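I opened this one to jot down what I could look up, going from odd backbone spots to the overall shape. Notes follow in the order I made them.

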Amino acid sequence: MIETNPYAPEFTPTVELADGWLACRVCGVATAPTVQHGQDTITSLGREYRGGSPSLRRKAAQEFETTMTRCSACEERRERAVAVNIEHPAGRGQYVADVIANTAVERALAVAAVAETDLKLTSARRVRLAIRYLTTEALGLVWESRFAPVAEAEAHPSTGAALPWSHVPEEGRARARQAVAAFLRALTERPQPTPAPTGGGCYLCGVASVEVVPSRASSAWTEALVSPSSLGGTSTAHRRVSVCRTCADAAEAFGAYGQSAMARLVLEAAGISRKLGIENVRLDPPAWGVMNIEPNPTPWAHIDLDDLREKFETGRVGR
């Protein structure tokens with residue numbers, strides 16, 4: 001008989017599984033065959049090694065498998081994650097594949113369950129923030145993470161949690177509560193102007209500040225080492241400058257801070273980057289940083305984007 005009173009003297013967080021019972025791969029609770037939802041095989045590449053015995057070291061390096069299931073509560077949580085991603089597909093962000101996006105949301109909901117909080121994922125923004133602040137915190141909290149990729153020294157296939165999440169120590173619960181608190185704070189944040197840390201503006205597009213929520217302010221700008229001569233200037237001496245995140249991402253995609261990245265950004269700012277024939281357009285736009293002018297109120301304002309659009313539409317450039 002499994003003791004389910006956490007205040008009883010004989011209560012233990014983990015218990016031996018009875019015949020046919022499996023641990024829930026999410027909350028860990030020992031689950032009877034009649035309420036199991038599927039079976040999954042979790043592969044452990046080995047076990048954390050503790051001690052000095054060569055034989056124990058060899059044993060710890062052995063791969064093994066553990067069969068787990070989902071309890072009814074965690075199956076409902078998985079179904080909710082699927083429904084959330086269907087209703088708010090824009091919230092998944094970088095998680096393009098359905099199975100990965102569903103796992104990300106399910107893990108976020110699991111962290112909230114540890115913190116005894118119900119997430120209201122009623123918008124793409126809420127889904128996006130839940131994934132950002134909660135999903136990674138599930139590592140070390142969900143039962144299966146005790147087994148994969150490398151099993152904890154005390155993790156055994158024949159055990160399960162006496163109660164949902166009873167295997168999670170107080171420091172893990174505190175970590176879950178802190179993650180939920182950070183998520184809730186992010187929900188109330190509003191974008192604020194964040195000025196360039198140096199130089200007065202983005203060295204490429206010249207924008208003086210970008211709108212970003214306070215919690216993401218540290219990633220709104222980046223420091224880059226650039227050569228003005230490759231950005232429309234004359235000096236060949238490298239300089240450390242501030243670059244906005246949009247321009248930095250473009251430069252990273254092209255592999256360097258140069259004319260190719262700037263041309264793409266200018267065409268996007270002009271709204272013609274996807275026009276038929278745009279591949280024939282060759283631009284050499286100067287970076288704002290090589291010009292002795294005031295910062296731009298909007299990106300690339302030092303370039304006449306209206307004139308560029310008009311020239312493209314009338315066939316005077318490209319096409």
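**Backbone oddities**

Pro149 sits in the loop between α4 (124-134) and β6 (159-161). I went there for the peptide bond: from Ala148 to Pro149 it is cis, with omega near 0 degrees. Worth flagging, since most peptide bonds are trans. I keep in mind that this is a predicted model, so the cis bond is the model's call.

Next I looked at phi. Which sign does phi of Glu116 have? It is positive, near 55 degrees, and the residue is not a glycine. Glu116 belongs to the loop between α3 and α4. I also checked its surface: the relative accessible area of Glu116 is 72%, so it goes down as exposed.

Trp300 made the list too, with a positive phi of about 65 degrees despite not being a glycine. Its place is the loop between α7 (259-270) and α8 (305-313). Buried or exposed, this Trp300? Buried, because its relative accessibility is 2% and the cut-off for buried is under 20%. For context, most residues other than glycine have a negative phi.

**Cysteines**

How many disulfides does the structure hold? I get 0. A disulfide is a covalent bond between the sulfur atoms of two cysteines, so I went through the sulfur distances. Cys205 is in no disulfide, and its nearest cysteine sulfur belongs to Cys202, 3.8 Å away. The cut-off is within 2.5 Å, and 3.8 Å does not meet it. Cys205 has 1% relative accessibility, so I wrote it down as buried.

Cys244 tells a similar story: no disulfide, with the sulfur of Cys247 as the nearest cysteine sulfur at 3.6 Å. Cys244 is buried as well, because its relative accessibility is 4%.

**Helix crossing, α3 with α5**

Two packed helices are described by the angle between their axes and the distance between the axes, so I pulled both. Helix α3 (residues 98-114) and helix α5 (residues 170-188) have axes that come within 8 Å and cross at roughly 115 degrees. The crossing of α3 and α5 is left-handed. Which residues make the contact? From α3 I noted Val111, Ala112 and Val114, and from α5 Arg173, Ala176, Ala179 and Val180. Sorted by type, the residues of this α3 and α5 contact come out as 6 nonpolar, no polar and 1 charged.

**Around α4 and α2**

Val127 is in helix α4. With 1% relative accessibility, Val127 counts as buried. I listed its contacts, leaving aside neighbours within four places in sequence: Val84, Asn85, His88, Gly91, Val105 and Leu121. Arg77 is 50 residues from Val127 along the chain, and their C-alpha atoms are separated by 14 Å.

Then Glu87, which is in helix α2 (residues 72-87). Glu87 is exposed because its relative accessible area is 59%. Between the C-alpha atoms of Glu87 and Leu121 I get 9.9 Å, with their positions 34 residues apart along the chain.

**Pro197**

Where is Pro197? I found it in the loop between β7 (192-195) and β8 (209-212). Its relative accessibility is 58%, so Pro197 is exposed. Leaving aside neighbours within four places in sequence, Pro197 is in contact with Trp221 and Ser242. Ser242 is 45 residues from Pro197 in sequence, yet the C-alpha to C-alpha distance is 6.7 Å.

**Whole chain**

Last, the big picture. I count 8 helices and 10 strands in the protein chain. What is the radius of gyration of the protein chain? It is 27 Å, whereas a compact globule of 319 residues would have one near 20 Å. The C-alpha trace spans about 80 × 50 × 35 Å along its principal axes. Of the 319 residues in the protein chain, 43% are buried. For contacts with a separation of 6 or more, 65% are between residues 24 or more positions apart.

Methods:
Residues are numbered from 1 along each chain as its sequence is written. This is a predicted model: local features need pLDDT of at least 70, side-chain atom pairs count only at pLDDT 80 or more; totals for chains, interfaces and linings use all residues. Side-chain values use heavy atoms; hydrogens and water are left out. Axes are lines fitted to C-alpha atoms, for helices over the stretch in contact, and angles run from 0 to 180 degrees between N-to-C directions. Helices (H or I, at least four residues) and strands (E, at least two) are DSSP runs, numbered from the N terminus. A crossing is left-handed if the near helix is turned anticlockwise from the far one by less than a right angle, and right-handed if clockwise. Contact means heavy atoms within 4.5 Å. Ala, Val, Leu, Ile, Met, Phe, Trp, Tyr, Cys and Pro count as nonpolar, Asp, Glu, Lys and Arg as charged, and the others, Gly among them, as polar. Buried means under 20% relative accessible area, exposed over 50%, partly exposed in between (1.4 Å probe, protein chains only). The radius of gyration is taken over C-alpha atoms; the globule rule is 2.2 Å times the number of residues to the power 0.38.
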